[in-house]
Structures are given as structure tokens and as C-alpha cells.
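Here's a quick look at the charged pairs and the cysteines in this one. Have the structure open while you read.

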Amino acid sequence: MQQHTLLAADTGTAVAAEGAVLSNAWLLIALPLAGAAVLLLGGKRTDSWGHLLATALPVGSFVWAALILFDLLGRAQDARSVSVPVYEWFSVGEFTVGADLLVDPLSISFVLLITFVGSLIHVYSIGYMSHDPGRRRFFAYLNLFVAAMLVLVLADNFALLFLGWEGVGLASYLLIGFWQYKPSAATAAKKAFIINRVGDMGLLAAIMIMFTALGAVSFSDVFAAVPGAGNGVLVAIGLCLLLGACGKSAQLPLQAWLLDAMEGPTPVSALIHAATMVTAGVYLIVRAGPVFEAAPAAQTTVAVVGAATMLAGGIIASAKDDIKKSLAGSTMSQIGMMVLAAGLGPVGYVAAIAHLITHGFFKAGLFLGAGSVMHAMDDGVDMRRYGGLARVMPITFATFGLGYLAIIGVPLLSGWWTKESIITEAFGVGGTQGMVLGSAVILGAGLTAFYMSRMFFMTFLGEKRWDEGVHPHESPVSMTAPMVVLSIGSVFLGAFLVFGDRFANFLAPTIGAHPHHFDLAHAFTSPYGLAALGVLVLGVAAAWAVYLRRPVARTAPKGSPVTVAASRELYGNEINEGLFMRPGQVLTKVLSDIEDKVIDGFVNGLGAGVRDSSRGLGRAQTGFARSYALTMLFGAVIVAATLVVRL
């Protein structure tokens, strides 16, 4: 097993924080959390300036994170895992859990992504939500979301990670249901909340098993105890952690909430899909790498779940006419690709996280671009009512186009570098497993090329299919400026991270990954690289033939059974209803009947018996002295007769 820095107990799990920058790493969380508190407690008095404060504070966190990054880069590799004590959270006997932070290359990579992309989404929201009466509350929830995600990725133990995990769930519930006056939004928020609780129970069970079997919940102590733990315990912990990851990252079978979550404002979708919630599962699997590496069965299950979700998400995205739901299916697919890479073990960790970082940029840009289109189309989301928007929305067209080219893996753009890394690592596993997983990634890349080309062609190219009265126009600069910045990242970030193995060398020592040299020439000439380019061309050509070469119908055709199944999300809702909801309803009805008719019947019958007996005895109290005397005489006769008989 690769030796992790966190497992290096003899050299210290993490060095103590030194210097003001690292010692005050808690500011990363405190700044956005303070923003949420001010806006929620300040009420209407903050309406005029609250959104500006809420935008400035995540920017402050990003600046602080950049300072921490420079501090880490100035240290030796084995000194880049830094423990930052904050306070003792709780203590029971000799068991103590601290609210301490772990700053290392993995956590700071996530912090930079969350705060940078999150800040851009805040800026975009200033324009997007400018006319919404609940804008202050919206920005407060965004700040809360960012703060909770930062707790999750900076925690140095599973207990504190779980606190951030639940905070993310709460913030997503509040934001998805932000327009709660819409029944669909309220239902989507409840659905996301409930399905995520299923996953949360998995994470909670994993923590309980760690505490019971290993006697610890801190990363360093748990990982140090892994070599001495039984395989059954480790497999159980790994599968429970995977269940938690499936809930947060919308992986099969807990994916059903993600598409419905599009009911929230579009910046929320960008934040959830690019920088925060759905990335949590990938982070958890990579952070808990020592557990999965010691439990191959659980690790293989991770890769299989990722592969299945990647393909299912791609199929669903290919049939959705709702631009946001098609992007949501894309997120399922791309996160599945990352989970697959994380399931490869140390050889896939760097590729998984690198794709997560680049995906954060182009997926956020795509969602913000979709929001810009909706803003121009009077909130219409049906791509069959778009078409020809390139001419009237040139900035949105250009930025969305760069994100589109990046996600389908056009060579030398960001998505190509990281996707090629995953393909190389998957085939590099070797044997049947490597061939199956590598082929699955190539197939997933082909699906990505098809559904994203379909989306791009139907939205920006071809003949216009707008409804009468719709007058599309370009969005204000507060919305387009973040899109421009994200599109620049969509073009160059992948090369910056992967070329020269820069990110691999930074990340690998901390998470025990195997940094592989990225061979640019080999990526273009290898059979796998050529196959990836081939499916890219096929995917684009298929979308061109169906959605650009021919007119697009304004009403969706009935379609084949496969298309219908894809548009109905592969019947995920029906399966969940059949397997869990309806049996649950039957069980609830049976238990309710038992309570009403058996338990309550017995209790009510007993009470009625006592009541009737009391009424019978009450009727004997007539108030007449002669009646009482006759009763006493009758009783005395019975007593006397009894004595005579016994004598």
C-alpha cells in the first residue's frame, strides 16, 4: 500500500500550524459564515448592501486561501500537511474530538475551487437576482453553502466532516426550495433532502463503525488503525462511505434528486454542480483512500458505481429538452467519471481530482450560460423553443461554446487533458477490469460529445424557434463577466494542471497517489487517445445530422422506447417508488392500523370498561337512607349466612 502522509505516524500526522496565515485558517470558514449570519439576523436593514457584503466575504476567503497555497508551496513536500487546532468540540471520557482543520494540498485545492468559482457565482447572482424580492435571503443561503462546504473539506476528522456534510445538505434544501411558493420547487427541495438523508445514514454508519471497531474518528488515527483492522470491517466502512458519496454526488442508486433540483435559481445549480455539493462524494472517497485501498471489494464497487452512473447520466442528458436538466444529466455523467477514477485507487486519484477542478470551471460556465439564455428567453428552458441565439447573444455564445468544447474533450482544452488522464489510468489497470472500465470511459466521452453538441446546436445555431413576444438579448456585464473568466479557465486550466505533471507532483505525496508522467505525444497517437478522438467526432457528427442538418421540431416527437426511457430518467423515480416508497407506504398503513385498531382498541376498551363499571356503581348511590339500610341489612345477612355455612 502506498504510504500516505496521514499514515506516517512516526513522523507526525501533520505538522503544527506556523505563522499567521496558517494559524488563522479558520477565517476561510468564518468569513462566509459571518456573511450568512449578518444577512439573516440583520433583516431588511441589509437589503440595499447585503448582496455586496455576501459577495466580498467569499472573495476574502479566496484571497486567504491563495496566501495559504503560497505558504504550502514554500514548504518541503512532507511538511505540507498542516494541523490547525481551533477548539475542543466535545469530550467523553478519554475520547476527544476537536474542531480542528487539516490544511494540505488536497483540501486547499478544493478550498480554492469553492471560493474562486463560488465568488464568481456570487457576482453573477448580483445581476441574475437583482429583481427578486428575496435577494438578501438568497445571498445569505449562498454564503451558508460556501461555509458548510469549507467545513467539509477542511475538517481533520470524520465527525467534523459530517457536520459540514449536513450543513451542505441544509443549504441545498434552502436553495433548491428558494422559490417555495412553487409546488414543484418545494417538492424538489424535500426530495433532495430526503434522498440525501439516505446517503447521510451511510456516512453516519461508517463513522459509528470506525468508532466501535477502530476507536477513532480522526483521519490520522483511523488510517493508522487500518492495517490492523479486519477485512470485513474495512469493507463495511468502505461501502457505507460509498453510500454517503452516492447521496451527495447523485450516483446510482441515489441520483433521482439531482434533475429535480433544477427548480432552484440557476446560480444555485452552478454552485451545486460545479464547486460544492456534488464534488463532496469524490472528495470523501479520495480522502478515505487508505480504507478503500485495504478493502479491494469496496474499491471495485466504487469504480463500478461510477461507470454505471457515468453512462446512465450520459443517456439521460441525451434525451432532455430542458437545458438545465440536460446539464444536470451531464453532471451525473462527469461525476461518475471522477468516481470511477477514484475507484481505481492511487493510480486514479490525481486524474479524478484534476477532472473535478477543470469540470468546476466549464460546468459552472455552462450553467451560468444557461441562466443567461433563460434570462433572455423569459425563463423558458425548452431548447426546442431556442435556436439561432448566437446572433443576438454573442458573449454568451462564445463563453458557452468554449465550455462546450472543453467538456467534450477537444484536444488541448481543459477537459481533454483531464479526460485523457482518466482514460490512460483506467486502461493502465490492465486485465479485464482495465479494459472494461477504460472502454466505459471512452463510451462516456462519446455520449458527452453527442448530448453537449445537441444542446449547443439546438440553443445557438439553426433557425430561431422563439415564441412570439420573446425578444432575446445579451445579459448585463455583471452576468457575462464571470462567464468570460470561467471560459478562460475552460481553455487553459487543464494544460496548467496536467502539462509538466504540476498538479500531480503537488497532490500525490499527500494522498498517496501515483503521479504518472503525462506524455503529450502518446496521448495523440495511442490507440486509446485515437479512440477518444474517434468517438468525439462521431458524437458531434450524430448531433449535427439530427439537430442541425435537419429542422428541429418545436414539439418533441414521441420517440423510440429507448428515447422515452432516457427522457424519463431511465425510470429512476418509478424504481424508487416501486422498491421503497410504496412498500414503505404499505408498511406505514399496516403499523397505523395496528396502532388504531389493536393498541388503541385495547386501551380504549379498557377505559370504556372502567367507565361503564363506574356508571353502574354510581347508579347504586340513590341518596335514600332506607335504601342504604336495606343494602346494609342484605350484606349483613350474606355475611351471617357465610359464617354459618363455614362453621
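Let's start with the cysteines: a disulfide here is a pair of cysteine sulfur atoms within 2.5 Å. In chemical terms, it's a covalent bond between the sulfur atoms of two cysteines. Keep in mind that this is a predicted model, where local features need pLDDT of at least 70, side-chain atom pairs count only at pLDDT 80 or more, and totals for chains, interfaces and linings use all residues. Residues are numbered from 1 along each chain as its sequence is written, and side-chain values use heavy atoms, with hydrogens and water left out.

**Cysteines**

How many disulfides does the structure hold? Zero. Take C246: its sulfur has the sulfur of C240 as the closest cysteine sulfur, but at 12 Å that's too far for a bond. Turn it around and C240 tells a matching story, with C246 holding the closest cysteine sulfur, 12 Å away and too far for a bond. C246 is also buried, at 4% relative accessibility (buried means under 20% relative accessible area, exposed over 50%, partly exposed in between, using a 1.4 Å probe and protein chains only).

**Salt bridges**

Now for the charges. Count a salt bridge whenever a side-chain nitrogen of Lys or Arg sits within 4 Å of a carboxyl oxygen of Asp or Glu, and you get 17 of them. Here are three, with the distance between N and O:

| Pair | N to O distance |
|---|---|
| D71 and R75 | 2.8 Å |
| K320 and E569 | 3.2 Å |
| D321 and R384 | 2.8 Å |

In the first row, D71 is partly exposed at 24% relative accessible area, whereas R75 is buried at 18%.

What does the salt bridge between K320 and E569 tie together? K320 lies in the loop between α14 (296–317) and α15 (323–342), and E569 in the loop between α24 (561–567) and α25 (572–619), so the pair ties together parts that are 249 residues apart in sequence. (Helices are DSSP runs of H or I with at least four residues, numbered from the N terminus.) Both ends are tucked away: K320 is buried at 10% relative accessible area, and E569 counts as buried at 11%.

The salt bridge between D321 and R384 links distant parts of the chain too: D321 is in the loop between α14 and α15, R384 is in the loop between α16 (346–376) and α17 (394–407), and they're 63 residues apart. D321 and R384 are both buried.

Finally, some salt bridges share partners, and these join E166, R197, D200 and K248 into one network.

Note on methods. Helices (H or I, at least four residues) and strands (E, at least two) are DSSP runs, numbered from the N terminus.
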